[in-house]
Amino acid sequence: MKNYSLTIGWLYPELMSTYGDRGNVISLQKRCEWRDINVKIKKLDVGFDQNQLTTCDMIFMGGAQDKQQQIVADDLMKKREELKKMIDNGIPGLYICGAYQFLGKYYKEANGKVINGLKIFDLFTVNPGIGFSRQIGTSVIKALNNKIIVGFENHGGRTYLGKRIKSFGKVIKGFGNNGNDQTEGAVYKNSFGTYLHGPILPKNPQFADLLIKLALEKKYGAPTNLFPLEDSLEIQARTAIAKILKIKI
Amino acid sequence: MNLLLILFGNLLSGISRFFNFGSGSTWPGHIALSVNKNFIKDLLKNSKTKIILIAGTNGKTTTGRLIQTILEKNGRKVFQNQAGANLLNGIASSLISNSSLLGKIEKDFAIFEIDENTLPLVLKEIDNPSFIIILNLFRDQLDRYGEVNTISRKWSEAFKKLSKQTTLILNADDPQVAYLALHLEGANVNYFGINAKNSANKIQHASDSIYCPNCSAKLFYKTICFSHLGDWSCGECGYKHPQKTFTSFPFYPLSGTYNEYNTNAAVLLAQTIGFEKEKIIVSLKDFKPVFGRQEILNINGIRVQIFLSKNPTGFNESLKTIINLGAKNLLLLLNDRIPDGRDVSWIWDVDFEDFSSKFRNVVVSGDRVFDMGLRLKYAEFRSFETEKKLANAVNMAISKTPKNETLYILTTYSAMLDVRKILTGKKIL
């Protein structure tokens, strides 16, 4: 696939990358390279020029610690219009944990303080505070036409979806958005938000390939098929987790 | 009651050792604390033993052993909690096994390595420790410890009540650790660090505190050692690396930059107590590492060296150190049990990409063997083998290692205990 090229915009690699999120970028990068798709990773850290966003064919953003999220929130708010335009326009993206929460309407802290979100996804997040533990553990969901997605979640906030957005998947094992309604993550146009790290893409290569395919189709305006890669190790890693949880893949 | 608990506890560890159940490093303390929750406080109340607490993400056990060695070789009576038994129960256990039958502790120093989350709890039981060493703070087992900032906030709160009787020994090169001194009320502070040899200004991916702990602006680094450790300053609020730091010593008994930090911390403490440089050097000349921390074993004529590597920064530094030692044969072990952290996503923050063509033989095993295999695949390691069964993996790795070379084992905590048992036939904890 030598004639194809992709630019992946990685939002805040310095600050929003606490839970091995770099693995998602590595997965996208390698799976492009192994297919001879020319891939460029553009790191967009605090203070980046928002015109750089428009050159990206795909967006990735990971999660972080509370304090670091605050620094990012201030910077990202300035780039909201451009990011919203891209997401509305169907530029594919993957937003993990803190990044996923940012896309919503607001985040209500344990002390009641409300932090505004980017208001791109119809959802909000509440941190129930002391007395409620963080939702931590291996998690398995059904998503993308009932396929099994495996990951690990670790979040204090509980996210609730509005009417104008679909969930990414249904919880099989774990907590998902809030531990109650069995929804996990959210999908709007070609943008995916999820609490699953692990990181999510290396052990769910079909999801990585979907993002690559969507980005190529969006960029080149024609249906694209990726040729399959040798994924036996990926499958073994997925199966090992499913086996421990006694879930069939 | 406490005397009874001491007697019973010592009996229990004796039985446990006799039957090779492990050395009984936490049970006796666990039982004592559930009978008397003030057990630690009671026992230390009338004791003259000076207490040294060591906390931080990496290097606690080695630093403790360095201090113990210096003190003992200079004629002091010292005891220490067992490596890794660093919760309240481990501390109580070590008090039990070092008490006389009359409940007296007749030692000059007690050295306790303390788990990050346990440090504030320990300071409730031990009012005025003589020293608290804080080595560093890196991301580690986020599912268990939470985030770096959360830990430092809890520590800062717990340190407020310390008096002049306590001296904090802080790593000046770690901004988040140095920052602990800013809001102290009573305690004294001494700083250690190291002089970065290379002034590489590239920040490693696995860095956690590259923004100012005081005002959140991005820090400027004149030099970087590794991760976020270096000569930092904030252009915004002016907060910067503390000046008075102890940075070099003529003799380092262990390899690796991280062990220069550990040694400097231990030596600074010894010098603060009043030991002379020459005496410290002599006492460290035949230093023996703690099990699993660069420990060397000889297995049927093959030299095997074990490097406990349990988080991104620790792993990066272990890889760098063994490459400097000329490593060609590698066994990587990844477990996800409670002591390792259930979340293995951190392996993607390790810079395996820098090492993809450095090794000749690589074998991978552990509970999460395929996750580690996947990590190596995406780092484009030329060749490696995955083997689910640990014993088989160990045999494979040893048989691939030529007679005059060393097999390096980089492993998470519980896998380290398992592999040691396979190699030595003895259980350690």
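Q: If helices (H or I, at least four residues) and strands (E, at least two) are DSSP runs numbered from the N terminus, which residue just after α15(B) takes a positive phi?
A: This is a predicted model, in which local features need pLDDT of at least 70, side-chain atom pairs count only at pLDDT 80 or more, and totals for chains, interfaces and linings use all residues. Residues are numbered from 1 along each chain as its sequence is written, while chains are lettered from A and ligands numbered from 1 in the order in which they are written. With a phi of about 80° just after the helix α15(B), the residue asked for is Gly425(B).

Q: Which elements of chain B do the buried residues of α15(B) pack against?
A: A residue is buried if 20 or more other C-beta atoms, placed from the backbone, lie within 10 Å of its own (exposed if 12 or fewer, partly exposed in between). In α15(B) the buried residues are Tyr413(B), Ala415(B), Met416(B), Leu417(B), Asp418(B), Val419(B) and Arg420(B). Judged by contacts (C-beta atoms within 7 Å), these buried residues pack against β11 (302–308), β12 (329–333), α14 (390–400) and β15 (406–411) of chain B.

Q: Which residues of β3(B) are buried, and on which sides?
A: Strand β3 of chain B runs over residues 109–113 and is mostly covered, with 5 of its 5 residues buried. Both of its faces are covered, one side by Phe109(B), Ile111(B) and Glu113(B), and the other by Ala110(B) and Phe112(B).

Q: In which sense, parallel or antiparallel, does β1(B) pair with β3(B)?
A: Two strands pair if DSSP finds at least two bridges between them. Here Ile52(B) has Ile111(B) of β3(B) as its bridge partner. Strand β1 (residues 50–55) of chain B and β3(B) are joined over 5 bridges, and the sense of their pairing is parallel.

Q: What is the bridge partner of Gln80(B) in β3(B)?
A: Strand β2 (residues 78–80) of chain B also pairs with β3(B) in the parallel sense, over 3 bridges. Within β3(B), the residue bridged to Gln80(B) is Ile111(B).

Q: How many helices and strands does chain A have?
A: Chain A has 249 residues, of which 50% are buried, and its C-alpha trace spans about 55 × 45 × 30 Å along the principal axes. The secondary structure of this chain comes to 7 helices and 14 strands.

Q: Among contacts in chain A between residues at least 6 apart in sequence, what percentage join residues at least 24 apart?
A: The count is restricted to pairs in chain A that are at least 6 apart in sequence. Of these contacts, those joining residues at least 24 apart make up 69%.

Conventions: Two residues are in contact if their C-beta atoms, placed from the backbone, lie within 7 Å.
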